[in-house]
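The exercises that follow ask the reader to work from a sequence and a set of coordinates towards a picture of pockets, packing and backbone. Each task is followed by a solution that goes step by step.

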Amino acid sequence: VYDMDSSIAQQMVEKLPWLSPVAGFFNWCEARGIRGATAVAPVCNALRDLAAERGGANILTMHDISQFGESDFVSTGRVRREHGLTGAVIMYVGNLERYQGVDLLLEAFALAVKRGVAATLVIAGGTDEGIAAYRQKAEALGIAAQTRFIGRWPAADLASLLAEADVLAAPRIKGINTPMKIFPYLHSGKAVLVTRLPTHTQVLDDRMAMLAPPDPEGFSRAIEQLVNDAALRERLGAAGRAFVQESHTFAAYQRRVDELYGTVAQAIGAEARG
């Protein structure tokens with residue numbers, strides 16, 4: 001079974017552009033692995049389409065899920081107390097690799113602050129080196145006082161961390177797979193802000209999330225709208241939570257796993273009889 005969490009071939013070239021001349025070879029290797037599998041389990045629709053293009057059989061999309069229960073999203077107020085935060089909090093959780101769009105988030109937030117938006121940006125995650133680099137960028141943009149870098153956060157406490165936010169941001173600018181963080185983000189019941197790119201739009205629409213242009217000006221306008229409109233935040237948050245509860249919980253995932261291995265068993269049986 002080919003567990004397809006991403007396209008390794010595409011990621012290698014995106015991360016190391018100097019490998020572009022041999023991208024065709026990487027694609028060939030990946031396609032060979034896909035064609036040789038009894039079944040392929042991509043984690044999103046874009047990867048499903050890629051697996052089909054490369055000759056995969058018995059493809060079943062295994063969408064990511066929220067690992068939490070609704071009752072887990074209870075704020076302890078820890079971040080707000082430790083950092084003296086008041087007012088609206090925009091939060092990003094994840095690594096600080098370039099493809100995640102943290103540069104876009106900081107630049108957009110700086111534009112929003114210049115227009116008078118009163119909020120604090122909290123960034124959780126990243127290495128010491130990455131945090132230092134982005135802290136310098138925040139200072140250069142003039143938003144150091146409105147930005148907090150809180151470092152890595154224990155996975156067991158993620159739900160309570162998300163519960164402290166008013167807006168949860170996923171500004172990813174590259175990649176085709178949907179970020180895993182999207183599902184606990186939505187499940188928290190908070191308003192979710194993402195870039196209007198296939199990585200997000202293959203799962204989300206305007207009813208359940210704020211989809212913003214992947215440029216500083218457009219993203220800043222979305223920040224401004226969410227910070228200033230509590231009713232909009234509440235509506236998007238409720239719709240996002242309902243979406244996850246319907247099809248992106250552990251029970252839903254278990255049904256898909258059962259279906260996948262039922263298909264594998266049938267394929268093995270047919271091969272044995274043949």
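**Exercise 1. Determine how many disulfides a search of the whole structure finds, and classify Cys-29 and Cys-44 as buried, partly exposed or exposed.**

Solution. The structure is a predicted model, and the search of the whole of it finds 0 disulfides. For the burial classes, the cut-offs needed are under 20% relative accessible area for buried and over 50% for exposed, with partly exposed in between. Cys-29 has a relative accessibility of 33%, so Cys-29 counts as partly exposed. Cys-44 has a relative accessibility of 0%, and is therefore buried. Cys-44 also belongs to a nonpolar core, which is taken up in the next exercise.

**Exercise 2. Describe the largest nonpolar core and the second, separate core.**

Solution. A general expectation comes first: in soluble globular proteins, nonpolar side chains tend to be buried together. The largest nonpolar core in this model holds 66 residues, and those that touch the most other members are Ile-90, Leu-161, Leu-193, Leu-204 and Ile-223. Helix α5, residues 102-114, gives the largest share of this core, with 9 residues. The second core is separate, has 10 residues, and includes Ile-34, Val-43, Cys-44 and Leu-50.

The next step is to look at the surroundings of Leu-161. Once residues up to four places away in sequence are set aside, Leu-161 touches Val-79, Met-91, Val-93, Ala-124, Ile-150 and Trp-153.

**Exercise 3. Work out which residues of α3 are buried, what they pack against, and how the loop between α3 and α4 relates to them.**

Solution. Within α3, the buried residues are Asn-45, Leu-47, Leu-50 and Ala-51. These buried residues pack against β1 (2-4), α1, α2 (23-35) and β2 (40-42). Just after α3, the backbone at Gly-55 takes a positive phi of about 85 degrees.

Two residues of the loop can then be compared with the cut-offs. Asn-58 lies in the loop between α3 and α4, and Asn-58 is partly exposed because its relative accessible area is 36%. Most residues other than glycine have a negative phi, and most peptide bonds are trans. Asn-58, by contrast, has a positive phi near 50 degrees.

Thr-61 is also placed in the loop between α3 (45-53) and α4 (78-83), but at 10% relative accessibility Thr-61 counts as buried. Leaving out its neighbours within four places in sequence, Thr-61 is in contact with Pro-42, Val-43, Cys-44, Asn-45, Arg-48 and Arg-256. Among these contacts of Thr-61, Asn-45 is one of the buried residues of α3, while Val-43 and Cys-44 are included in the second core.

**Exercise 4. Compare the volume and the lining of the largest pocket with those of the second largest pocket.**

Solution. Rolling a probe the size of a water molecule over the atoms shows where empty space is left. The largest pocket encloses about 860 Å³ of space, and the second largest pocket has a volume of about 210 Å³.

For the largest pocket, 38 residues form the lining, and Asn-95, Tyr-99, Gln-100, Arg-172 and Lys-181 lie nearest its centre. The helices α1 (8-15), α7 (158-162) and α8 (182-187) each supply at least two lining residues, with α1 giving the largest share, 5 residues. By class, this lining has 14 nonpolar, 14 polar and 10 charged residues.

For the second largest pocket, the lining includes Asn-95, Asp-103, Thr-127, Tyr-134 and Lys-137. Helix α6, residues 128-141, provides the largest share of this lining, 4 residues, and the classes divide into 3 nonpolar, 4 polar and 4 charged. Asn-95 appears in the linings of both pockets.

**Exercise 5. Establish how far apart in space Val-1 and Leu-260 are, and what Val-1 touches.**

Solution. Val-1 is placed in the segment before β1. Val-1 and Leu-260 are 259 residues apart in sequence, whereas their C-alpha atoms are 9.3 Å apart in space. Not counting residues up to four places away in sequence, Val-1 touches Ala-39, Leu-260, Tyr-261 and Val-264.

Conventions:
Residues are numbered from 1 along each chain as its sequence is written. This is a predicted model: local features need pLDDT of at least 70, side-chain atom pairs count only at pLDDT 80 or more; totals for chains, interfaces and linings use all residues. Side-chain values use heavy atoms; hydrogens and water are left out. On a 1 Å grid over the protein atoms alone, a cavity is a set of points where a 1.4 Å probe fits but cannot get out, and a pocket is an open set with protein on both sides within 12 Å along at least five of seven lines; lining residues have an atom within 4 Å of a point. Grid points are joined across faces, edges and corners, and a volume is the space filled by probe spheres set on the points. Ala, Val, Leu, Ile, Met, Phe, Trp, Tyr, Cys and Pro count as nonpolar, Asp, Glu, Lys and Arg as charged, and the others, Gly among them, as polar. A disulfide is a pair of cysteine sulfur atoms within 2.5 Å. Buried means under 20% relative accessible area, exposed over 50%, partly exposed in between (1.4 Å probe, protein chains only). A nonpolar core is a set of buried Ala, Val, Leu, Ile, Met, Phe, Trp, Tyr and Cys residues joined through side-chain atoms within 4.5 Å. Contact means heavy atoms within 4.5 Å.
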